[in-house]
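Biologist: Could you walk me through this model and explain the words you use for it? I would like to see how each label is earned.

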Amino acid sequence: MGISFDKIDGVIWYDGKLVPWADANVHLLTHGLHYASCVFEGERAYGGKVFKSTEHSTRLKNSALILDFEIPYSVAEIVAAKQIVIDSNNLPNAYLRPIAWRGSEMMGVSAPSNTIHLAIAAWDWPSYFDPAEKFRGIRMGLAEYRRPDPATIPAMAKASGLYMICTISKHRAERAGYADAMMLDWQGRVAECTGANIFFIADGKIHTPIADCFLAGITRATVIDLAGRRGIEVIERRIMPDELSGFTECFMSGTAAEITPVAEIADWKFTPGQISAQLMADFAAEVQPKDKAVAA
Ligand code: PMP
């Protein structure tokens, strides 16, 4: 296990100021902790620039609005703050975690006037999964929990409360020897992984579930765009688990996972192949800052 996340050396942007890492704390009686009034982002910087920075901060602001609070900074201000964080910590290649939450003024379900806080931390985080395993394709189990009906919870927000079933599912998968778990949706259709979206390939075409009850990933949108530029058809549709035996390749997409091939989901087997390799290469090129890519 690496260093504990409260003991990293560096500075965190906290309500508009850079503070030493160890001082970036919240009080125990914080609404965000008790009632999950908390939204966050996961982003990556490559070559000193945050990939799709505006898209991530727009999603953060929207996630907060869905949870009935407004982050007191504009998208442009949040984008600028993220740049300050990676520059001040000298982290050109980093994972960033902006997080916004309701504070401590009221402790109860209703807390309409609680102050809204925003903090941004960044740290070194090379690859989500072991690199050797990444090219072989990871093994995934099947989660018992399902992505909830959007009529029961604000499913499209990147909100802390939605991750409770992800952590439980990932722990169970890891205990069974898997790297992750695939989740079905509330209707039993294929949905996504515990922290990434999912794609399948058959006959040179890509298939992915419609993102109507789970996070529509920014990496997912990038994959769809990159495939389109290669002339590869992407079909967004309802996918039932019993169809999985008809797919030859499978990969997951997400800011942390980037594009990670999948070799197994429970009893279904896939062989990482040409299209996955092509998209991984295209994604690696796409995330590099454009001015550098042109100069290279
Ligand atoms: N689904 C879940 C549950 C996630 O946590 C993530 C990671 N943020 C994704 C999908 C992928 O989203 P993105 O590509 O925007 O990182």
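Biologist: What makes the pair between Thr 255 and the ligand a polar contact?

Modeller: Keep in mind that this is a predicted model. A polar side-chain atom of Thr 255 lies 2.6 Å from an oxygen atom of the ligand. A polar contact is a pair of N or O atoms within 3.5 Å, so this pair counts as one. As for cover, the protein hides 96% of the 380 Å² of accessible area that the ligand has on its own.

Biologist: How do you know that Ile 218 makes a polar contact, and which of its atoms takes part?

Modeller: Here the backbone does the job: an N or O atom of the Ile 218 backbone lies 2.7 Å from an oxygen atom of the ligand. The cut-off is 3.5 Å, so this pair qualifies too. Lys 158 uses a polar side-chain atom, 2.8 Å from a nitrogen atom of the ligand.

Biologist: What surrounds the ligand?

Modeller: There are 15 residues around the ligand, and Tyr 163, Glu 192, Ile 218, Thr 219 and Thr 255 are the closest. By class, this shell has eight polar, four nonpolar and three charged residues. Helix α6 (218–229) and strand β14 (249–254) each supply at least two residues of the shell.

Biologist: Why is Leu 33 called exposed?

Modeller: Its relative accessibility is 58%. Exposed means over 50%, so Leu 33 earns the label. Leu 33 lies in helix α1 (residues 31–35), and helps make a nonpolar surface patch of about 610 Å² with Leu 28, Leu 29, Tyr 35, Met 107 and Val 109.

How values were computed: Residues are numbered from 1 along each chain as its sequence is written. This is a predicted model: local features need pLDDT of at least 70, side-chain atom pairs count only at pLDDT 80 or more; totals for chains, interfaces and linings use all residues. Side-chain values use heavy atoms; hydrogens and water are left out. Patches are made of residues with over 30% relative accessible area and no salt bridge: like charges are joined within 9 Å, nonpolar side chains (Val, Leu, Ile, Met, Phe, Trp, Tyr) within 5 Å. Accessible areas come from the Shrake-Rupley method with a 1.4 Å probe; for residues, only the protein chains shown count as cover. A salt bridge is a side-chain nitrogen of Lys or Arg within 4 Å of a carboxyl oxygen of Asp or Glu. Helices (H or I, at least four residues) and strands (E, at least two) are DSSP runs, numbered from the N terminus. Buried means under 20% relative accessible area, exposed over 50%, partly exposed in between (1.4 Å probe, protein chains only). A residue is near a molecule or strand if one of its heavy atoms lies within 4 Å of it. A polar contact is a pair of N or O atoms within 3.5 Å; within protein, one must be able to donate a hydrogen and the other to accept it, and residues adjacent in sequence count only if both atoms are side-chain atoms. Ala, Val, Leu, Ile, Met, Phe, Trp, Tyr, Cys and Pro count as nonpolar, Asp, Glu, Lys and Arg as charged, and the others, Gly among them, as polar.
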